[in-house]
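Dear colleague,

I am passing the structure below on to you, together with some notes on what turned up when I went through it. Please read the notes with the coordinates open beside you.

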Amino acid sequence: MSDTITLTIDGVEIQGKPGQTIMEAADAAGIYIPRLCAMDGLVPHGSCRVCTVMVNGRPQSACTQPIAPGIVVDNETDEINAIRRDIVDMLFVEGNHFCMFCEKSGNCELQAVAYRLGIAAPRFPFQFPDCGIDASHPDIFIDRDRCILCGRCVRASQDLDGKDVFGFVGRGSEKRIAVNSDAKLKDTNIDVTDKAVEACPVGALLKKRVGFAVPIGQRKYDHKPIGSDIEQNKGSL
Amino acid sequence: MSETLESAVKAVCSECGNDRERMMDIVRAIQGKFGCVSSEAMDMIAKQLATHRVEVESVVSFYSFLSDRPKGKVVIRLCDDIIDEMAGSADVANAFATELGIGIGETTADGKITLEHTPCIGMCDQVPAAMVNDVVVTNLTPAKVKDIVAKLKADVDADLVDAPGDGNNANDLVKAMVQNNIQQSGDVIFAGMEPGAAIKKALEMAPKDVIAEVTKSKLRGRGGAGFPTGLKWKFTSDAPGAEKFVLCNADEGEPGTFKDRVILTEQPDMMFEGMTVAGYAIDASTGVVYLRAEYAYLREYLESVLARRRSDGLLGKSVCGKDGFDFDIRIQMGAGAYICGEETALISSCEGLRGDPKNRPPFPAQEGYKAGPTTVNNVETFCCCARVMEKGADWFAGIGDGQSVGTKLLSISGDCGKPGIYEVPFGITVDEMLKMCGAKDTAAVQVGGASGQMIGKNDFGRKICYDDLATGGSIMIFNSKRDLLKVAEKFMEFFVDESCGYCTPCRAGNVLLLNALKTILAGKGEASDLEYIETLGNTVIKASRCGLGQTSPNPILTTLKNFRPAYEALLVAPSKDGYQVSFDIKAAVGDAAAIAGRDSVHAY
């Protein structure tokens with residue numbers, strides 16, 4: 001078995017390793033595929049669909065689809081970016097997001113992906129759902145208004161912290177993030193140093209008393225768009 | 001209450017071997033005994049199964065037949081699909097509400113009776129219908145409702161079946177008022193077969209030859225997707241894995257379909273036979289039938305058929321005396337979730353999880369139930385397999401049309417003289433079908449259920465087959481007096497309710513599509529809204545993770561394609577003030593104005 005697999009992304013031939021997903025191979029080659037539910041170190045979830053690419057003309061999520069010899073992947077096309085903008089718009093309007101005074105602003109992946117895709121404001125009608133806040137824990141709080149149901153906290157708690165603090169309840173548009181207790185976050189064994197807290201891409205799972213600590217201009221995505229770190233790998237292979 | 005919650009949880013869990021993969025059975029049992037799976041019960045179950053409480057809650061909150069809040073001893077579930085609505089289900093609902101003195105979603109003050117709506121229960125040929133706990137009541141009228149409520153008020157366990165239906169509906173273990181309504185039988189499904197005939201034929205062959213025979217028959221999956229069955233078996237057989245599984249999808253939830261109900265009632269032997277053949281072919285020793293909760297009334301009968309087959313040597317150790325071939329079948333009950341008809345969601349549910357579909361790859365044939373190679377086939381497909389074994393691939397391939405061979409069961413309902421089950425050879429045209437079922441003044445036909453397509457007169461010459469109008473069997477007929485956009489709205493509401501919520505486009509996109517349609521129906525849509533619907537629908541289809549979202553925009557998109565004038569007639573000209581017509585500024589600033597204590601100047 002050959003130890004490299006050759007595939008094409010947006011007309012560029014790249015080499016990947018057997019067992020890699022399209023996203024992993026693209027990352028290594030310095031090609032950024034937008035994503036929200038995928039995170040290094042966590043099992044792929046395939047839920048946000050922002051990483052949708054065309055594989056030989058068929059839509060697939062890059063975070064879950066394994067590479068195969070000779071596949072032709074479209075990533076940065078008008079059609080795909082339009083689909084991605086629709087999906088990111090959906091995430092904004094199905095929640096209650098308020099970038100201008102959110103602690104996560106400037107460090108938020110949802111906001112950063114939206115900017116990168118050219119979204120200044122969502123075009124879809126806001127749904128204004130009733131989601132709820134759990135501020136019972138002394139050091140951490142959940143604001144479900146800002147949750148995008150990516151499941152990163154669920155997986156990080158399970159796989160990295162070994163705790164299983166979070167899970168999903170309800171279905172369809174009623175689906176919500178829940179905690180492993182009959183009442184509140186304070187009744188779980190979560191700790192402020194848990195990886196699950198850091199895993200949240202948005203302002204849904206936040207540490208108390210440290211909001212707005214970094215001034216505007218020094219935040220993660222203030223100067224370079226999300227994905228720039230990956231694109232620095234370009235040509236390094 | 002004679003049994004405390006704690007002792008009941010302990011007993012139920014230990015009956016299930018304290019196995020968290022049996023979660024569905026456990027929570028269903030507690031729901032049955034106590035009318036809910038309370039917060040307290042969830043804690044106890046989690047403790048008993050040594051799992052996390054949130055896992056129990058995630059399951060209980062997923063399935064519509066489970067609840068964390070108490071329901072009545074009797075739960076009346078009124079079927080809420082379009083065919084029932086056309087037959088007067090609103091009057092029936094009003095009669096229930098009046099007689100019980102409660103609204104939909106409420107429970108009587110004495111805690112005895114709960115009234116709810118539920119999507120299609122598989123009785124579109126005898127509408128309006130409802131479930132009273134597991135008992136199905138059909139052809140309802142306000143007068144019948146009065147009688148049912150009076151009986152239930154006197155005794156919550158009252159027998160509601162005065163006259164049982166035909167065939168096995170009258171069997172002591174079924175005793176349902178359901179009618180089979182088999183309007184036309186064919187040679188594949190509704191013909192006789194000696195139990196064991198197909199298995200014995202298969203056992204004379206090597207497993208790989210059984211797969212070759214099924215492949216040669218050109219049989220394709222009857223659930224609607226049409227994947228070649230032989231190929232699916234081959235993939236499962238070839239996949240490495242110590243334990244392999246045969247799963248039967250008896251979760252027909254597509255609105256308008258009821259063919260599996262009739263197979264389960266009249267031909268369960270043939271279905272079990274097909275599963276056993278599959279078990280031999282792929283080297284599996286376990287089969288599971290995933291039975292939708294709406295068909296719980298058939299469970300006891302199906303169990304009795306399994307028991308008979310065990311005692312006849314057609315299941316169990318050394319099936320038909322074949323050394324080394326052990327195969328048995330268990331029934332897994334569902335709990336009310338359309339998505340579980342999707343094969344990977346069905347597997348999740350069998351594993352005691354929420355009915356979330358799984359990421360593919362790996363496909364079930366590589367890694368399915370309990371991570372073993374698994375073949376998931378439809379009820380009707382397994383029956384076809386049995387017939388292929390009994391009569392041979394060539395015989396089977398000789399029926400039908402081109403790449404669509406054999407017969408297909410159609411569940412026909414709506415505006416026609418003879419609703420019911422029709423076994424027809426593939427290739428029949430829509431016109432022929434309409435004539436066959438006595439449909440007059442037909443304006444539209446919904447082919448393939450809510451996820452299928454709505455076609456108009458121009459398409460009535462087309463054929464029912466995989467390469468033209470593919471369908472799992474649901475056919476709903478609408479005459480010229482029906483409002484087709486209301487039909488599309490009903491189907492979209494169904495998908496919004498039934499989306500599992502895992503992926504963004506299906507969870508959020510369907511809600512947006514439904515709202516856009518409602519805007520148009522309210523007379524506030526503009527021409528640009530049609531473009532918005534088409535773009536949004538395309539995103540949901542392309543980006544969704546499973547078949548539900550990949551087809552859910554179809555009700556809107558196919559009516560828009562085939563009945564565009566109906567939409568255009570409702571559109572209004574853009575507003576002169578530059579606002580969208582659907583934008584109600586007064587409502588938008590209403591909350592703020594109320595807080596401020598004065599009217600906004602912008603609202604006037």
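**Cysteines**

Over all chains, the structure holds zero disulfides; please bear in mind throughout that this is a predicted model. In chain A, the cysteine sulfur closest to that of Cys150(A) belongs to Cys200(A), and because the two sulfurs are 6.3 Å apart, they are too far from each other for a bond. Cys150(A) is also buried, its relative accessible area being 7%. Cys385(B), likewise, takes part in no disulfide, and the nearest cysteine sulfur, which is that of Cys384(B), lies 7.0 Å away. With a relative accessibility of 0%, Cys385(B) counts as buried.

**Where the two chains meet**

The contact between the chains involves 41 residues of chain A and 42 residues of chain B. Between them an area of about 3100 Å² is buried, and carbon and sulfur atoms give 54% of that area. On the side of chain A, the residues that lose the most area to chain B are Arg49(A), Met90(A) and Arg171(A), which together make up 22% of what that side buries.

As for polar interactions, three salt bridges are found across the interface of chain A and chain B, and Glu79(A) forms a salt bridge with Lys542(B), in which the closest N and O atoms are 3.1 Å apart. Across the interface there are also 23 residue pairs in polar contact, counting those in which both residues have pLDDT 80 or more. The elements of chain A that give two or more residues to the side touching chain B are β3 (52–55), α2 (78–93), β8 (166–169) and β9 (176–179). The element that gives the most to this side is α2(A), with seven residues. Sorted by character, the residues on the side of chain A that touches chain B comprise 19 nonpolar, 13 polar and nine charged.

**A covered helix in chain B**

Within chain B, helix α14 (residues 343–350) is mostly covered, since seven of its eight residues are buried. The buried residues of α14(B) are Thr344(B), Ala345(B), Leu346(B), Ile347(B), Ser348(B), Ser349(B) and Cys350(B). What covers them includes α2, β6 (245–250), β7 (286–291), β8 (328–333) and β9 of chain B. Just after α14(B), Gly352(B) takes a positive phi of about 80 degrees.

Two of the covering elements, α2 and β9 of chain B, hold residues that I looked at individually. Asp25(B) has its place in helix α2 (residues 23–34) of chain B, and it counts as buried because its relative accessible area of 15% is under the 20% cut-off. Its side chain makes polar contacts with two other side chains, that of Arg22(B) at 2.7 Å and that of Gln332(B) at 3.2 Å. Leaving aside residues up to four places away in sequence, Asp25(B) touches Cys16(B), Arg330(B), Gln332(B) and Met333(B).

Thr375(B), for its part, sits in strand β9 (residues 374–378) of chain B and is buried, with 0% relative accessibility. The side chains of Thr375(B) and Asn377(B) are joined by a polar contact of 2.9 Å. Beyond four places in sequence, the residues that Thr375(B) touches are Lys232(B), Trp233(B), Thr236(B), Phe245(B), Val246(B), Leu247(B) and Ile282(B). From Thr375(B) to Phe478(B) there are 103 residues in sequence and, from C-alpha to C-alpha, 36 Å in space.

**A buried lysine**

Lys259(B) is found in helix α11 (residues 259–266) of chain B and is buried, with a relative accessible area of 2%. The side chain of Lys259(B) makes a polar contact of 3.0 Å with the side chain of Asn378(B), and another polar contact, also of 3.0 Å, joins it to the side chain of Glu380(B). Both of these partners are among the residues that Lys259(B) touches when those up to four places away in sequence are not counted, a list that also includes Arg222(B), Glu252(B), Lys408(B), Leu409(B), Ser411(B), Ile421(B) and Gly472(B).

With best regards

How values were computed:
Residues numbered from 1 in each chain as written. Chains lettered and ligands numbered in written order. Predicted model: local features only at pLDDT ≥ 70, side-chain atom pairs only at ≥ 80, totals over all residues. Heavy atoms only, no water. Helix = DSSP H or I, 4+ residues; strand = E, 2+ residues; numbered from the N terminus. Buried < 20%, exposed > 50% of the residue type's maximum accessible area, 1.4 Å probe, protein only. Contact = heavy atoms within 4.5 Å. Polar contact = N/O pair within 3.5 Å; in protein donor to acceptor, adjacent residues only side chain to side chain. Buried area = accessible area lost by both parts, 1.4 Å probe. Salt bridge = Lys/Arg side-chain N within 4 Å of Asp/Glu carboxyl O. Nonpolar A, V, L, I, M, F, W, Y, C, P; charged D, E, K, R; others polar. Disulfide = S-S within 2.5 Å.
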